[in-house]
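Please take a moment to look over the structure shown here before reading on. The paragraphs below begin with a pairing of strands and then move outward to the elements around it.

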Amino acid sequence: MQKHTFSNGFTTDFEYIQADFSNNAEITLVYTHGFCADPWGRKPDEIKAWCAKHHISFYRYELAGHGSDADNIEKADFNIWKEQLLEIIDSLSGKIILAGASLGGWLSLKAATLRPERVCGVLGLAAAPDFTKDNADYVTEAQKQELENTGKLVIDDEGFKIVITQRLIDTGNQNLMLDKPFIGINCKTVLIQGMEDDSVYWPKALKIAEKIQGQDVMVKLLKGSNHRLNTDSDIKEILSALDSLI
C-alpha cells in the first residue's frame, strides 16, 4: 500500500489508479470514507471497478487518525480532514467526482462548495453533514462531564471503541452546512440514504437536497437499507447513481 504525507503532517495509506484518458475526458473519482471506518471495504472496491469500466481515475485514501494512522485519532479533526481532501483535489488534473460515505459525504459536500470549478459531480452515501451538532442532543450529562474533564468521549459500541474529541466537535461546528440559507453546489448531485439507518435519520437527505443551490439533485431512499449501504441491492443503486453522474 502506498503512503502519502499531507502538508498538515499526517501520513496515511492511499490508492490511486490512473485511467487512460486518450479517448475520454479526464475525470477522477475521489472516495472519502466515514468516521471510524476506512476506504478498503466492499463499497469502494465496487466503485473502483466501476471507474475502471468507465475509464475514470480512482483515488481513495485514509483520513488522518483512521486506518494505518488510527493512533492519531485524538490529534485529527474536521478541518484537518477537509484540508486533506482539498489537497488531493488540488493535486489532480481534470474534473473531479466526489463520493463520500457518512462523514465522507459531509466532507465531499463541503469540498464541492470550496472547489466549484473542479467538482463536476457529488455522490453522498448516507451523507452526514452537521453530525457534530446533531449528536449533541443525545449526549448524557455524564458524557458532557467526561468531555469537559478529559476533552474526549470514549464510546464502546459493541466492543468497538469510538473516540469523539471536543476538538472534533468544535471544528465540525465551524463547518456546519444545514444551518445556512443554501449549500453552494451547482453540479449534479445524488444522495443515497437507507431508511433503516440508525446513524443518519433518512429525512436528512431531503433537507440536504432542499438546501443545495443547484437543480440537478436526486435523492434515492432505500427502504430496507442501513447506514452501511453494502448489500447487493445497495451496490446496484450506488453504481446506477454513478452512471447518472456521467
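In this predicted model, strand β3, which covers residues 27-32, pairs with strand β4, residues 57-61, in the parallel sense, and the two are joined over 5 bridges. Within this pairing, leucine 29 stands opposite phenylalanine 58, which belongs to β4. In general, the strands of a sheet pair through backbone hydrogen bonds, and this can happen in either a parallel or an antiparallel way.

The pair of β3 and β4 belongs to an open sheet of 8 strands, whose order is β1-β2-β4-β3-β5-β6-β9-β10 and whose pairing is mixed. The edges of this sheet are formed by β1 (2-5) and β10 (217-222), each of which pairs on one side only. From one strand to its neighbour the sheet is turned by 20° on average, when direction is ignored.

Helices lie across these strands, and two of them can be followed in turn. Helix α2, residues 78-91, lies across β1, β2 (11-17), β3, β4 and β5 (95-101), and α2 runs at about 155° to β4. Helix α8, residues 232-245, lies across β3, β5, β6 (119-125), β9 (188-194) and β10, with an angle of about 170° between α8 and β9.

Helix α2 also meets other helices, and how does α2 lie relative to α3? The two helices, α2 and α3 (residues 103-114), pack at an angle of about 60° with their axes 10 Å apart, and α2 is therefore oblique to α3. Where α2 passes α3, the crossing is right-handed. On the side of α2 the contact involves Phe78, Trp81, Lys82, Leu85, Leu86 and Ile89, while α3 contributes Leu103, Trp106, Leu107, Ser108, Lys110, Ala111 and Leu114. Sorted by class, the residues of this contact of α2 with α3 comprise 10 nonpolar, 1 polar and 2 charged.

A further partner of α2 is helix α6, which spans residues 166-173; the axes of α2 and α6 come within 7 Å and cross at roughly 60°, so that α2 is oblique to α6. Here Phe78, Asn79, Ile80 and Trp81 of α2 make the contact with Arg167, Leu168, Thr171 and Gly172 of α6. The residues of the contact of α2 with α6 divide by class into 4 nonpolar, 3 polar and 1 charged.

Trp81 takes part in the contact of α2 with α3 and in that of α2 with α6, and it is worth following this residue into the aromatic pairs. The structure holds 8 aromatic pairs, and one of them is formed by phenylalanine 35 and tryptophan 81, whose rings are tilted at 55° between the planes and lie 6.2 Å apart, centre to centre. This pair links distant parts of the chain, since phenylalanine 35 sits in the loop between β3 and α1 (42-53) and tryptophan 81 in helix α2, 46 residues apart.

The helix that follows this loop, α1, has its own partner in α8: the axes of α1 and α8 come within 10 Å and cross at roughly 40°, and the two helices are therefore oblique to each other. The crossing of α1 and α8 is right-handed. Arg42, Lys43, Glu46, Ile47 and Trp50 of α1 make the contact with Asp232, Ile235, Ile238, Leu239, Leu242 and Asp243 of α8. By class, the contact of α1 with α8 has 6 nonpolar and 5 charged residues, with no polar ones.

Key
Residues numbered from 1 in each chain as written. Predicted model: local features only at pLDDT ≥ 70, side-chain atom pairs only at ≥ 80, totals over all residues. Heavy atoms only, no water. Axes fitted to C-alpha atoms, helices over the stretch in contact; angles between N-to-C directions. Helix = DSSP H or I, 4+ residues; strand = E, 2+ residues; numbered from the N terminus. Parallel < 35°, antiparallel > 145°, perpendicular 65-115°, else oblique. Left-handed = near helix turned anticlockwise from the far one by under 90°. Contact = heavy atoms within 4.5 Å. Nonpolar A, V, L, I, M, F, W, Y, C, P; charged D, E, K, R; others polar. Pairing = 2+ DSSP bridges. Phe/Tyr/Trp six-rings, centres within 6.5 Å; stacked < 30°, edge-to-face > 60°.
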